[in-house]
Amino acid sequence: MRVKVCGIRTDDDLDAAVKAGADAVGLLVGQLHASADFILPGTACRLARILPPFISPIIVTHLIEAGPILDILNKAQIFNVQLHGGSPLKDVAEIRDKIPSSGKIILAVHMINGQAVPDFEPFIPHIDALVMDSYNKNTDQVGGTGKVHDWVKSSELAASSRVPIILAGGLNPSNVAEAVRIVHPYGVDANSGLKDENRNCSAKLCRDFVRNAKSEFLGK
């Protein structure tokens with residue numbers, strides 16, 4: 001069970017995620033939709049440099065076209081990327097071709113009325129994982145919505161997927177164990193459910209989230 005804490009903006013956010021035992025941190029760069037968590041490529045680069053070993057930095061972006069996304073990756077010197085903006089297949093293929101072989105591409109799909117949008121099958125040869133997230137049309141949020149989706153449908157997709165499935169969307173310390181039990185994902189990813197009233201990562205919420213996710217996975 002891998003756990004990603006997303007929406008890292010500051011040294012304190014990073015410290016909370018690291019001390020909680022997160023396996024990855026999400027750094028949001030390149031905004032098109034509603035979110036209060038976006039930072040500059042230089043900030044992402046600096047935060048990634050102070051990460052301890054064995055914790056992966058991941059650029060999370062709303063941008064769509066390969067060129068601007070590659071520009072961000074090069075500026076941040078981070079080549080793990082979560083595509084949350086609906087990039088066309090040709091752009092995903094271009095990113096795959098131009099990042100180092102060690103770089104990982106995670107494609108976001110949104111669970112809408114029990115269906116994964118977009119159809120991800122054509123993307124499979126070019127990506128390393130899928131993140132299943134929620135979408136809030138009313139607030140124009142493509143992530144960090146605080147809303148769960150249909151975990152039963154997600155579990156069906158996770159069981160048949162040819163790439164690892166990361167579950168996101170409304171996860172928090174109180175529901176992540178149930179989510180893991182139902183979906184059996186490769187990993188879980190949370191943002192708003194780990195923030196305090198000031199939109200900072202809560203050390204306690206991060207710690208409880210990681211513990212509950214991994215304990216359920218291990219059957220403890």
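Let me start with the largest pocket in this predicted model, which has a volume of about 430 Å³. Its lining is made up of 20 residues, and the ones that lie nearest the centre of the pocket are Arg2, Ala24, Ile58, Ile106 and Tyr186. If we sort the lining by class, we find 10 nonpolar, 4 polar and 6 charged residues. Which strands each supply at least two residues of that lining? They are strand 1, at residues 2-6, strand 3, at residues 56-61, and strand 9, at residues 187-190.

Please keep Ile106 in mind, since this residue from the pocket lining comes back when we turn to the strands. Strand 5 covers residues 105-112 and pairs with strand 7, which covers residues 129-133, in the parallel sense over 5 bridges. Within that pairing, Ile106 has Ala129 of strand 7 as its bridge partner. On its other pairing listed here, strand 5 joins strand 4, again in the parallel sense, through 3 bridges, and there the bridge partner of Ile106 is Gln82. Strand 5 is itself mostly covered, with 7 of its 8 residues buried.

Now let us look at strand 7 a little longer. Is this strand mostly covered or mostly open? It is mostly covered, as 5 of its 5 residues are buried. When we take its two faces in turn, Ala129, Val131 and Asp133 are buried on one side, while Leu130 and Met132 are buried on the other, so that both faces are covered, given that buried here means under 20% relative accessible area. Strand 7 also runs parallel to strand 8, residues 165-167, and 3 bridges join the two; in one of these, Met132 is partnered with Leu167.

Let me go back to Gln82, which sits in strand 4, at residues 81-83. Why do we call Gln82 buried? We do so because its relative accessible area is 2%, and the cut-off for buried is under 20%. Its side chain makes a polar contact of 3.3 Å with the side chain of His84. If we leave aside neighbours within four places in sequence, Gln82 is in contact with Lys4, Ile58, Ile59, Val60, Thr61, Ile106, Val131 and Asp189. Two names in that list, Ile58 and Ile106, are ones we met among the residues nearest the centre of the pocket.

A second buried residue is Asp91, which has its place in helix 4, residues 89-98, and which counts as buried because its relative accessible area is 6%. Apart from neighbours within four places in sequence, Asp91 is in contact with Ile64, Glu65 and Ala66.

To finish, I would like to point out two residues in loops. As background, most residues other than glycine have a negative phi. Phe54, in the loop between helix 2 (41-49) and strand 3, has a phi near 75°, which is a positive value in a residue other than glycine. Arg199, in the loop between strand 9 and helix 7 (203-218), likewise has a positive phi, of about 70°, although it is not a glycine. How exposed is Phe54? Its relative accessible area is 83%, so Phe54 is exposed, whereas Arg199, with a relative accessible area of 27%, is partly exposed.

Note on methods: Residues are numbered from 1 along each chain as its sequence is written. This is a predicted model: local features need pLDDT of at least 70, side-chain atom pairs count only at pLDDT 80 or more; totals for chains, interfaces and linings use all residues. Side-chain values use heavy atoms; hydrogens and water are left out. On a 1 Å grid over the protein atoms alone, a cavity is a set of points where a 1.4 Å probe fits but cannot get out, and a pocket is an open set with protein on both sides within 12 Å along at least five of seven lines; lining residues have an atom within 4 Å of a point. Grid points are joined across faces, edges and corners, and a volume is the space filled by probe spheres set on the points. Helices (H or I, at least four residues) and strands (E, at least two) are DSSP runs, numbered from the N terminus. Ala, Val, Leu, Ile, Met, Phe, Trp, Tyr, Cys and Pro count as nonpolar, Asp, Glu, Lys and Arg as charged, and the others, Gly among them, as polar. Buried means under 20% relative accessible area, exposed over 50%, partly exposed in between (1.4 Å probe, protein chains only). Contact means heavy atoms within 4.5 Å. Two strands pair if DSSP finds at least two bridges between them. A polar contact is a pair of N or O atoms within 3.5 Å; within protein, one must be able to donate a hydrogen and the other to accept it, and residues adjacent in sequence count only if both atoms are side-chain atoms.
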